[in-house]
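Good morning, and thank you for making time for this presentation. Please keep the sequence and the coordinates in view while I speak.

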Amino acid sequence: TKHLHAPDLFARLDHLACPLEPWTGPTFDVLNPSTGELLATLPDMSTDEARAAIDAAQSAQALWASKPAKDRSALLRRWHDLIVEHADDLASILTAEMGKPLAEAKGEVLHAASYVEWYAEEAKRVYGETFPAPANDRRMLVIKQPVGVVGTITPWNFPASMVARKISPALAAGCAIVLKPAEQTPLVAGAMFLLAEKAGFPEGVLNLVYAAEGAPIGRELCSNPKVRKISFTGSTEVGRLLMRQCSDQIKKVSLELGGNAPFIVFDDADVDAAVDGAIQAKFRNAGQTCVSANRIYVQAAVHDAFAKKFVAQVRELTVGDGFSAGVTIGPMIDSHAIEKIEAHVADALAKGAELRCGGKRIGTTGTFFKPTVLTGISHDMRVAEEETFGPIAPIIRFDSAEQVVAEANDTIYGLAAYFYAENLKRVWHVAEALEYGMVGINTGRMSSEAAPFGGIKQSGIGREGSRHGLEDYLEMKYLCMGNI
Ligand code: ADP
């Protein structure tokens, strides 16, 4: 499937300009969430186009898998270099369609590039295994082979790094891919594909399907037997649905789903460091990340000091258009997002929470929400139980360490958790007791291409990043050689 690009947006970025192919089918609009401005009109592809994309991937699969690892590595490296070279352009596309501050967008693009670089390197390190056979007349070993065609579906909150984090290990492993990016943020994905084309990946190895709605394309990817694996990042609800749809063919899945991250400040913590960490973990991407601190627990002895310093720092955050200088919090992605945030705040206040700052929208038309701190939070409030996905920090006072760990674990989710403490014994006990795939200890930020990102419980299956991320796209094959 050839991709089309947004003429107006890409005209501004002339070295990324791409020849348009005619499209006569239905279309959908991509809007700037800060201004409501129309950025692009893209083809709304149907299951027919998805099927064609899968066919193209299937035709490229065998050749791609048979390429020497060194060649796949070199192509990924070239793609990485092009992403870095075009980082400013990619960042402005990202800010235009998603809203995050330009500096954060640039950071995300470089973070995306770091995954491509990492898997360019890992592509050469797909090691097998030999092991001693129980009898002398045989030899036993394991080789690793690509799973085959991978269908990937990505969300809008990290539209560049999610694409890189899925596609680069798949390509490194020798899988051809079909991507359906989020309908709110398809442009940076399109631009990255354009750069992949320039890097010289063979025809059919990367395929892009734009669509206004995920469901029909998702159904095709899950039900088409040529697709051997689905890799999805998004809501737990859609993850459940995709896993169900994959069950008929026992199709492999990698799922990065929702979270409900606890952020715990113990009484032996460095409170200033904890405040800085909480700002990072809560307000990065305006709180729209699956690892955002969703519940901030603070032990009684340090509660008031923490809350006071935290509120002071939150008041310093600047909300606005991601292109404006000094802005640290962009808009929410759309009106549904801001309605959910408002509902969570209203529910908390109705049940007795105290509003320490923020609490409302800015302006009447856009989707800007004031960074908000609430204290006096209890577990009967929606803010403490559901993923808010916005700049709302609910603070819960706690007394005992055992109790807080039990409360932190009392959720269907298990993605990220954070805690601040200095006592070494406590650090180990709490780190081991938290039922999460990732635990940040005295840090509010832990995402890295070198580390395995992923969740347990209903937060997902599989890991992205690190050498483990490659395993998600490899099958092991046991070879037994007899008569020796
Ligand atoms: P969010 O709440 O972050 O938008 P979603 O899970 O709804 O999370 O969306 C993440 C991605 O999943 C997007 O690319 C979206 O188009 C896609 N999607 C949404 N619904 C479905 C579905 N029923 N089947 C497949 N993909 C879907």
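Let me begin with a question: is the crossing of H8 and H9 left-handed or right-handed? The crossing of these two helices is right-handed. I should state at once that we are looking at a predicted model.

Let me stay with that pair. Helix H8 comprises residues 214-223 and helix H9 comprises residues 236-247; their axes are 9 Å apart, and the two pack at an angle of about 35 degrees. On the H8 side, the residues that meet H9 are Gly214, Gly218, Arg219, Cys222 and Ser223. Their counterparts in H9 are Val238, Leu242, Gln245 and Cys246. Sorted by class, this contact holds 4 nonpolar, 4 polar and 1 charged residues.

H9 also leads us to a sheet. The sheet in question is open and has 6 strands, in the order E7-E6-E5-E8-E9-E19, with mixed pairing. Its edges are strand E7, residues 206-208, and strand E19, residues 460-461; each has a single partner strand, so one side of each is left without a neighbour in the sheet. Within this sheet, strand E8 (residues 227-233) and strand E9 (residues 252-256) run parallel and are joined by 5 bridges. As an example of the register, Ile230 has Val253 in E9 as its bridge partner. H9 packs on this sheet and touches E8, E9 and E19. The direction of H9 makes about 180 degrees with that of E9.

I turn now to the second sheet. How many strands does the open sheet that begins its order with E12 have? There are 7, ordered E12-E15-E16-E11-E10-E17-E18, and here too the pairing is mixed. Strand E12 (354-357) and strand E18 (438-441) stand at the edges, and each has a single partner strand, so one side of each lacks a neighbour in the sheet. From one strand to the next, the twist averages 25 degrees.

At the E12 edge, E12 pairs with strand E15, residues 372-375, in the antiparallel sense over 3 bridges. There, Leu355 stands opposite Leu374 in E15. This sheet also carries a helix: H11, residues 300-315, packs on it. H11 touches strand E10 (261-265), strand E11 (293-299), E12, E15 and strand E16 (392-398). The direction of H11 makes about 135 degrees with that of E11.

Two further helix pairs deserve attention. For the pair formed by helix H4 (residues 87-98) and helix H5 (residues 102-122), the axes come within 8 Å and cross at roughly 120 degrees. Why is H4 described as oblique to H5? The crossing angle of roughly 120 degrees falls outside the range of 65 to 115 degrees for roughly perpendicular and is not over 145, so the pair counts as oblique. The crossing of H4 and H5 is right-handed. H4 contributes Ala87, Asp88, Leu90, Ala91, Ser92, Leu94 and Thr95 to the contact, while H5 contributes Leu102, Ala105, Lys106, Glu108, Val109 and Leu110. These residues divide into 8 nonpolar, 2 polar and 3 charged.

The other pair is helix H3, residues 69-85, with helix H7, residues 187-199: the packing angle is about 130 degrees, and the axes are 9 Å apart. That angle makes H3 oblique to H7. H3 passes H7 in a right-handed crossing. Leu75, Arg78, Trp79, Leu82 and Ile83 of H3 make the contact with Met192, Leu195, Ala196, Lys198 and Ala199 of H7. By class, the contact has 8 nonpolar, no polar and 2 charged residues.

Finally, the annotation. In an unreviewed UniProt entry, "domain: Aldehyde dehydrogenase" covers residues 26-478. That span is 42% helix and 21% strand, and its end C-alpha atoms lie 48 Å apart.

Terms used
Residues are numbered from 1 along each chain as its sequence is written. This is a predicted model: local features need pLDDT of at least 70, side-chain atom pairs count only at pLDDT 80 or more; totals for chains, interfaces and linings use all residues. Axes are lines fitted to C-alpha atoms, for helices over the stretch in contact, and angles run from 0 to 180 degrees between N-to-C directions. Helices (H or I, at least four residues) and strands (E, at least two) are DSSP runs, numbered from the N terminus. A crossing is left-handed if the near helix is turned anticlockwise from the far one by less than a right angle, and right-handed if clockwise. Two residues are in contact if their C-beta atoms, placed from the backbone, lie within 7 Å. Ala, Val, Leu, Ile, Met, Phe, Trp, Tyr, Cys and Pro count as nonpolar, Asp, Glu, Lys and Arg as charged, and the others, Gly among them, as polar. Two strands pair if DSSP finds at least two bridges between them. UniProt positions are given in the numbering used here, feature names are shortened, and annotations may be inferred rather than shown by experiment. Angles under 35 degrees count as roughly parallel, over 145 as roughly antiparallel, 65 to 115 as roughly perpendicular and the rest as oblique.
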